[in-house]
Amino acid sequence: MEFRSVIAGVGAYLPERILTNAELSTRVDTSDEWIVARTGIRERRVAAEGELTSDLAIAASLRAMANAGCTAADIDLIIVATATPDLTFPATAARVQAALGVTQGAAFDLQAVCSGFVFALATADNFLARGQAKRALVIGAETMSRLLDWSDRTTCVLFGDGAGAVV
C-alpha cells in the first residue's frame, strides 16, 4: 500500500515585540531604505525575555493542530527544525511533545539552518510514506535574536524570531 503525505493544517506564531528598521538604524549604520532595498524586510519579531524556542513551537503547533482538526492523540511524529534549540538535550521536539500531551511516537530535532524546515518535511514524508507514522507535526522555530551580533548590520537586519508548523 502506498501512502501519500498531505498538509492537513498550518499554524504560525510570532513573538509580540516588533523591531523595526527605523529602530535598527539607531543601533547600526543603516536605514529603512537600505534594508528594504536589499532584503524587502521592514520589521522582524524578537522573543521576549524567557520566551524559548519551544514556546514559539508550541504556539504554532497548537494552531496547526486546530487548523487540521486533530488532537495530541492523533500525532505520532514530531520534528522540530531549529538552529536555536532550548538546550542541547532534551530535544526541543521532546519538550514540545510533552507540552502538547503527545504520549506516543517519536520526537526529535533536525538542524539544517536555513533549509531545516524543508529537510524536516522530507524526513516526515519518508516516515509517513513507509507507514512508520500516521500523522506528523513538522515545526520550524527559531530564536535567532539571541545569537545575533546586533552591531553587525550585515546580519542583524536579516533575522528575527518565530515559528511555523504543519500537520
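In what pattern do helices and strands follow one another along the sequence of the protein chain? Read along the sequence, the order is β-β-α-α-β-α-β-α-β-α-β-α-β. The model on display is a predicted one, and this tour moves from the whole chain to individual residues.

**The whole chain**

Begin with the entire protein chain in a cartoon representation. The secondary structure comprises six helices and seven strands. Along its principal axes, the C-alpha trace extends over about 60 × 30 × 25 Å. The radius of gyration is 17 Å, which agrees with the value near 15 Å that a compact globule of 167 residues would have.

Next, display the molecular surface. The protein chain exposes about 8,800 Å², and carbon and sulfur atoms supply 55% of this area. Of the 167 residues, 41% are buried. If the charged side chains are coloured by sign, 14 positive and 19 negative charges appear, and the mean positions of the two sets are 4 Å apart. As for contacts between residues at least 6 apart in sequence, 73% of them join residues at least 24 apart.

**Stop 1: Trp 34**

Select Trp 34, which belongs to helix α2, residues 32-39. Its relative accessibility is 22%, so Trp 34 counts as partly exposed; the class of buried residues ends at under 20%. Leaving aside residues up to four places away in sequence, Trp 34 touches Arg 153 and Val 157. For a distance in the other direction along the chain, select Asn 21 as well: its C-alpha atom is separated from that of Trp 34 by 9.2 Å, with their positions 13 residues apart along the chain.

**Stop 2: Ser 61**

Move to helix α3, residues 53-68, and select Ser 61. Is this residue buried or exposed? Ser 61 is buried, because its relative accessible area is 0%. Showing the side chains around Ser 61 reveals contacts with Val 96, Leu 100, Leu 137, Ile 139 and Ala 165, residues up to four places away in sequence not being counted. Val 138 may be added to the selection: the C-alpha atoms of Ser 61 and Val 138 are separated by 8.3 Å, although the two residues are 77 apart along the chain.

**Stop 3: Pro 90 and Thr 92**

Select Phe 89 together with Pro 90 and inspect the backbone between them. The peptide bond from Phe 89 to Pro 90 is cis, with omega near 5 degrees. Pro 90 lies in the loop between β4 (77-81) and α4.

Continue to Thr 92, which is found in helix α4, residues 92-100. Thr 92 counts as buried because its relative accessibility is 0%. Which residues does Thr 92 touch, not counting those up to four places away in sequence? They are Thr 53, Ser 54, Val 80, Pro 85, Asp 86 and Asp 109.

**Stop 4: Thr 103**

The loop between α4 and β5 contains Thr 103. Here the relative accessibility is 72%, so Thr 103 counts as exposed. Select Asp 76 for comparison of position: the C-alpha atoms of Thr 103 and Asp 76 are separated by 8.2 Å, while the residues are 27 apart along the chain.

**Stop 5: Phe 108 and Phe 127**

Now show the aromatic side chains. How many aromatic pairs does a search of the whole structure find? The search finds one. The pair consists of Phe 108 and Phe 127, whose ring centres are 6.1 Å apart; the planes stand at 40 degrees, so the pair is tilted. Phe 108 lies in strand β5 (residues 106-110) and Phe 127 in helix α5 (residues 116-129), so the pair ties together parts that are 19 residues apart in sequence. Phe 108 counts as partly exposed, at 24% relative accessibility. Phe 127 likewise counts as partly exposed, at 24%.

**Stop 6: Val 113**

Finish in the loop between β5 and α5, where Val 113 lies. Examine the backbone at this residue: phi is near 50 degrees, a positive value in a residue other than glycine. Val 113 has a relative accessible area of 54% and is therefore exposed; the exposed class covers values over 50%.

Conventions: Residues are numbered from 1 along each chain as its sequence is written. This is a predicted model: local features need pLDDT of at least 70, side-chain atom pairs count only at pLDDT 80 or more; totals for chains, interfaces and linings use all residues. Side-chain values use heavy atoms; hydrogens and water are left out. Helices (H or I, at least four residues) and strands (E, at least two) are DSSP runs, numbered from the N terminus. The radius of gyration is taken over C-alpha atoms; the globule rule is 2.2 Å times the number of residues to the power 0.38. Buried means under 20% relative accessible area, exposed over 50%, partly exposed in between (1.4 Å probe, protein chains only). Contact means heavy atoms within 4.5 Å. Accessible areas come from the Shrake-Rupley method with a 1.4 Å probe; for residues, only the protein chains shown count as cover. Lys and Arg count as positive and Asp and Glu as negative; His and the chain ends are not counted. The place of a charge is taken as NZ of Lys, CZ of Arg, CG of Asp or CD of Glu. Rings of Phe, Tyr and Trp (its six-membered ring) pair if their centres lie within 6.5 Å; planes under 30 degrees apart count as stacked, over 60 as edge-to-face and the rest as tilted.
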